Amino acid sequence: MNKTLLETTIKLINPQELMEKLIKESVFLVDVREEEEYNFGHICTAILKPSSQFHPEEWLHHHNIILYCRSGKRSHQIAEKLIALGITSVTELEGGITAWQQANFPLVK
């Protein structure tokens with residue numbers, strides 16, 4: 001797959017849409033920041049899987065994956081890897097946890 005095709009298959013979600021999904025649906029929310037960033041504050045239900053230790057093959061059996069990092073760069077890289085492996089239900093939090101905080105949504109510490 002070329003990069004343009006990868007980018008068009010990655011879904012984006014804004015903080016409000018993510019909050020609604022967390023309330024209504026079962027999602028696999030993954031924080032790809034490093035441990036110290038996660039410990040400083042993360043979105044409720046998010047599991048930590050740092051991008052430096054992320055092995056996309058481990059996530060082949062998961063569905064409804066939503067990724068986030070600080071601003072979106074690391075999560076986008078991981079999303080591209082997942083899409084390249086054929087996982088089609090990959091979503092990124094647009095603007096990362098920074099956008100989440102700007103929307104005044106809570107963090108777990």
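# Charged and aromatic side chains in a predicted model

Me: Are Asp 31 and Arg 33 buried or exposed?
Reply: This is a predicted model, in which local features need pLDDT of at least 70 and side-chain atom pairs count only at pLDDT 80 or more, while totals for chains, interfaces and linings use all residues. Residues are numbered from 1 along each chain as its sequence is written, and side-chain values use heavy atoms, with hydrogens and water left out. A residue is called buried under 20% relative accessible area, exposed over 50% and partly exposed in between (1.4 Å probe, protein chains only). By that scale, both Asp 31 and Arg 33 are buried.

Me: Where is Arg 33 found, and what is its relative accessible area?
Reply: Helices (H or I, at least four residues) and strands (E, at least two) are DSSP runs numbered from the N terminus, and Arg 33 is found in the loop between β2 and α3 (35-40). Arg 33 counts as buried because its relative accessible area is 5%.

Me: Which residue forms a salt bridge with Arg 33, the closest N and O atoms being 2.7 Å apart?
Reply: Side chains of opposite charge can pair when their charged atoms come close. A salt bridge here is a side-chain nitrogen of Lys or Arg within 4 Å of a carboxyl oxygen of Asp or Glu, and by this rule the count comes to 4 salt bridges. The one that Arg 33 forms, at 2.7 Å, is with Asp 31.

Me: Which backbone oxygen lies 2.7 Å from a polar atom of the side chain of Arg 33?
Reply: The side chain of Arg 33 has a polar atom 3.3 Å from the backbone oxygen of Glu 37. Arg 33 also touches residues beyond four places away in sequence, including Tyr 68 and Ile 97, where contact means heavy atoms within 4.5 Å. The backbone oxygen that lies 2.7 Å from a polar atom of this side chain is that of Gly 41.

Me: How many residues apart in sequence are the parts that Glu 37 and Arg 74 tie together?
Reply: The side chains of Glu 37 and Arg 74 meet in a salt bridge with an N to O distance of 2.9 Å. Since Glu 37 lies in helix α3 and Arg 74 in helix α4 (residues 73-84), the parts that they tie together are apart in sequence by 37 residues.

Me: How many aromatic pairs are there, and what kind of pair do Phe 28 and Trp 59 make?
Reply: Rings of Phe, Tyr and Trp (its six-membered ring) pair if their centres lie within 6.5 Å, and planes under 30 degrees apart count as stacked, over 60 as edge-to-face and the rest as tilted. By this rule the count comes to 3 aromatic pairs. The rings of Phe 28 and Trp 59 have their centres 4.9 Å apart and their planes at 40 degrees, so this pair is tilted.

Me: Which residues are linked into a cluster by ring pairs?
Reply: Phe 28 lies in strand β2 (residues 28-31) and Trp 59 in the loop between β3 (47-48) and β4 (65-68), so their pair ties together parts that are 31 residues apart in sequence. Phe 54 and Trp 59 form a stacked pair, with 5.7 Å from centre to centre and 20 degrees between the planes. Both Phe 54 and Trp 59 are buried. Ring pairs thus link into a cluster Phe 28, Phe 54 and Trp 59.

Technical notes: Polar contact = N/O pair within 3.5 Å; in protein donor to acceptor, adjacent residues only side chain to side chain.
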